[in-house]
Amino acid sequence: MGTWQDLFAAKIADMHLTEPWTLQEDDSLQVHVLKPGWKEFVQRRALGRFRCSQCFHEWSSAKAHILFHMHRHRGQGMVLMRAFRQACRRCPDPQLEEPEFSKETMERLLHNLVLKILKYFYHLPIQPANLLEVVVDAPVAGPHDSTRCEGCQLGICSEPRLAPVVDAREPSMDADKARIHRTLKSRGVSPYATRTHHPSPTNSNFPWKRCCCISSFLLCVLAVLLFVLLYFIQI
Ligand SMILES: [Zn+2]
Ligand SMILES: [Zn+2]
């Protein structure tokens, strides 16, 4: 949990949140079962890696889900998290294994969590488009095995629209991409455009000048040659 807590603390500091917030793992958390004053955020469909503790088989899943319950009281915040587990499909009697996430996925996931905290407890206007995609492009082999997925057993995988993240997933990425694209375009176009405008006149003018010089020089040479020829013919 060290890394989760370190990254969470860094994200809190990044967002200029001065109140203390803590993050703890809690395997007893239940979806939609909240004490009064607590808020829920389910980060669904993150890309997680699993490893069987019996046969050491490893697999990736784009259906790793994490449940967060958060609460703020007297200037202090607390987040409880539970990552849903999956079981190995090669073993006859497998254990449920905890997912592991890349640092990038963890950062994106915690970024979304902190945005939710800012929205729920500090009333900042957070749009669904601000949330980041947590499934990074990566090949995930094989179909999803519902019988070996804790999320499926608890109804998280099958729930089509539990968290707004899912609604926002495609648009947010598209919006981000579009925004980045627009920014790059606005920055890139003006110097590019001036550069394309400048070479064309210089390119068209320059050969003309050179051509004039060369042709006048050749004419002079021809005139001199003609003059010399005529001079000798006359003699
Ligand atoms: Zn196994
Ligand atoms: Zn599932």
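This tour moves through the structure element by element, saying at each stop what to select and what is found there.

**The whole chain**

Begin with everything shown, and keep in mind that this is a predicted model. Coloured by secondary structure, the protein chain shows five helices and six strands, and, followed from the N terminus on, its elements run α-β-β-β-β-β-β-α-α-α-α. Buried residues make up 22% of the 235 residues in the protein chain. Among the contacts with a separation of 6 or more, 68% are between residues 24 or more positions apart.

**The sheet**

Next select β1, β2, β3 and β4, the four strands that form an open sheet in the order β1-β4-β3-β2, with mixed pairing. The edge strands are β1, residues 21-25, and β2, each of which pairs on one side only. From one strand to the next, the twist averages 25°. As a general point, strands of a sheet pair through backbone hydrogen bonds, either parallel or antiparallel.

In which sense do β1 and β4 pair? Select β1 together with β4, residues 76-83, and the pairing is parallel, over five bridges; to look at one of them, pick Thr 22, whose bridge partner in β4 is Met 78.

Then move to β3 and β4, which run antiparallel and are joined by eight bridges. Here Phe 68 stands opposite Met 81 of β4, and the hairpin of these two strands has two residues between them, with Arg 74 taking a positive phi near 50°.

At the other side of β3, select β2, residues 39-51, along with β3, residues 58-73, and find an antiparallel pair joined by 10 bridges. Arg 49 stands opposite Ser 60 in β3, and the hairpin of β2 and β3 has six residues between the strands.

**Two loop residues with positive phi**

Stay with that hairpin and select Phe 56, which lies in the loop between β2 and β3 and has a positive phi of about 65° although it is not a glycine. Is Phe 56 buried or exposed? Since 9 other C-beta atoms lie within 10 Å, and a residue with 12 or fewer counts as exposed, Phe 56 is exposed.

Now go to His 32, found in the loop between β1 and β2, where phi is near 65°, again a positive value in a residue other than glycine. His 32 has 10 C-beta neighbours inside 10 Å and therefore counts as exposed.

**Helix α2 and the core**

Add helix α2, residues 103-122, which packs on the sheet and touches β2, β3 and β4, its direction making about 175° with that of β2. At 1.5 Å a residue, its 20 residues should span 28 Å, and the end C-alpha atoms of α2 are 27 Å apart, so the two values agree. The buried residues of α2 include Thr 105, Met 106, Leu 109, Leu 113 and Ile 117. Just after the helix, α2 is followed by His 123, whose phi is positive, near 55°.

With the helix and sheet both displayed, select Ala 46, Ile 66, Phe 68, Met 81, Leu 109 and Leu 113, which, of the 27 residues in the largest nonpolar core, touch the most other members. Two or more residues of this core come from each of α1 (2-14), β2, β3, β4 and α2. Which element gives the most to this core? The answer is α2, with seven residues.

To look around one of these core members, centre the view on Met 81, which, leaving out residues up to four places away in sequence, touches Leu 23, Glu 25, Asp 26, Ile 66, Leu 67 and Phe 68.

**A last stop at Leu 96**

Finish with Leu 96, which lies in strand β6, residues 96-97. Leaving out residues up to four places away in sequence, Leu 96 touches Arg 85, Gln 86, Ala 87 and Glu 150. Draw a distance between the C-alpha atoms of Leu 96 and Glu 150, and the separation is 7.8 Å, although these residues are 54 residues apart along the chain. Why does Leu 96 count as partly exposed? Leu 96 has 15 C-beta neighbours inside 10 Å, whereas 20 or more would make a residue buried and 12 or fewer would make it exposed, so Leu 96 counts as partly exposed.

Notes. Residues numbered from 1 in each chain as written. Chains lettered and ligands numbered in written order. Predicted model: local features only at pLDDT ≥ 70, side-chain atom pairs only at ≥ 80, totals over all residues. Pairing = 2+ DSSP bridges. Contact = placed C-beta atoms within 7 Å. Axes fitted to C-alpha atoms, helices over the stretch in contact; angles between N-to-C directions. Core = buried A, V, L, I, M, F, W, Y, C linked by C-beta atoms within 7 Å. Expected span 1.5 Å × (residues − 1).
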